[in-house]
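Colleague: Could you take me through one part of this model up close? I'd like to hear about a single helix and whatever surrounds it.

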Amino acid sequence: MRNISSKELLKEWTIGWNVGNSLDACKTGGLESETSWQNPPVTQKLIDNVIETGINVIRIPVTWYNHFTDETGTIEPKWMDRVQEVVDYAYKRGVFVILDTHHENWFYTSDENYPHASAILKCVWEQICARFSDYGERLLFEGLNEPRKLGQPDEWESVDPEARAVVNKLNADFISTVRNSGEKNALRHLVLATYCGTCTEDVMRELEVPNDDKIIVNVHSYVPWEFACLENGAKDFDPEDTAQTANLDATFDYMKTYCTDKDIPLIIDEFGAVNRNNSGQRIAYIRYFRKKADELNIKYLWWDNGYIEADRGSFGLFNRKTGKCVFKNIVNALTE
């Protein structure tokens, strides 16, 4: 475990990739939950093929609540074993791995729910820390994925000061739990969430980042939404059209103002654009996105949900059954 800063660690990253809609699927419990969102089990062959493209950061989204054996957050041993198996597919190949808590139902970000959420968070991360205590700095922990007020009309908005404050408290609980677990976790690089994973001015301004050189702020970016993610959205992206790029430019401006200019490491661990039979436009988007991120030395990870068919909300770049790359031109645009 090298005692290096997150800023130094990120210099070793190339491009990142998410193995989404697999271990984070939560339609059922038990080991069969991994395939409940229509993806086959993650394989060593899939991870090997991803790494062979030049990608050296693998994010493994995991949902835990559907594998609790009790109300306190005790995790089924078989589920922890499977998560470790998938982590090892990548970690033992020498790349970086991010492990998180993903579609959780317990982190409703209100003052009233905070004691409950805090207790579950601590219980879950104590178990994860114990299982992965011997892993070196190439394994990073991400405390929360898109924490928010689940089910509310403004769930995906960042306008609630109470919710933003609770996210800060949960982030602090996550950090203290990992650090207090000792061993290599005392030096582990940790990834902090913003409310909903968003990067608005209010969210970034109010985010509390401790004085710890092994902390990385994380945001998600599917901007412009109409092109990147919206069902039946726009097929075209024109990097010269300021109407399309204005919101994305503003997002990067907030990253610069509230993190880069303050020497706070930041990553975008989810971004992408769905397949609408428009590979040329997706490549144009990737190159514009990369230019903005590279100017600020910000690393980024593509969200791959395993779906490859057009107009199905498909971010997939690799065939999950065969492990083969389906969109080599898109991957080349990411890794060139």
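Modeller: Sure, let's pick helix α9, and keep in mind that this is a predicted model. Helix α9 covers residues 279-295 and lies across three strands, β6 (215-221), β7 and β8. Its direction makes about 150° with that of β8.

Now for what sits under the helix. Those strands belong to a closed barrel of 8 strands, running from β1 through to β8 with parallel pairing. On average, neighbouring strands in this sheet are turned by 30° against each other, direction ignored. Zoom in on β7 (residues 266-271) and β8 (residues 299-304): they pair in the parallel sense over 3 bridges. In that pairing, I268 stands opposite Y300 in β8.

Back to the helix, where one residue deserves a closer look. K292 forms a salt bridge with D249, and their closest N and O atoms are 3.6 Å apart. This pair links distant parts of the chain, since D249 sits in helix α8 (residues 242-258) and K292 in helix α9, 43 residues apart. K292 counts as buried because its relative accessible area is 18%, and the cut-off for buried is under 20%.

Strand β8 has a salt bridge of its own: D304 pairs with R320, with the closest N and O atoms 3.4 Å apart. R320 lies in the loop between β8 and α10 (328-335), so the pair ties together parts that are 16 residues apart in sequence. Both R320 and D304 are buried.

Over in β7, you can also look for D269 and E270: they are linked with R59, D100 and E142 in a network of salt bridges.

Technical notes
Residues are numbered from 1 along each chain as its sequence is written. This is a predicted model: local features need pLDDT of at least 70, side-chain atom pairs count only at pLDDT 80 or more; totals for chains, interfaces and linings use all residues. Side-chain values use heavy atoms; hydrogens and water are left out. Two strands pair if DSSP finds at least two bridges between them. Helices (H or I, at least four residues) and strands (E, at least two) are DSSP runs, numbered from the N terminus. Axes are lines fitted to C-alpha atoms, for helices over the stretch in contact, and angles run from 0 to 180 degrees between N-to-C directions. Contact means heavy atoms within 4.5 Å. A salt bridge is a side-chain nitrogen of Lys or Arg within 4 Å of a carboxyl oxygen of Asp or Glu. Buried means under 20% relative accessible area, exposed over 50%, partly exposed in between (1.4 Å probe, protein chains only).
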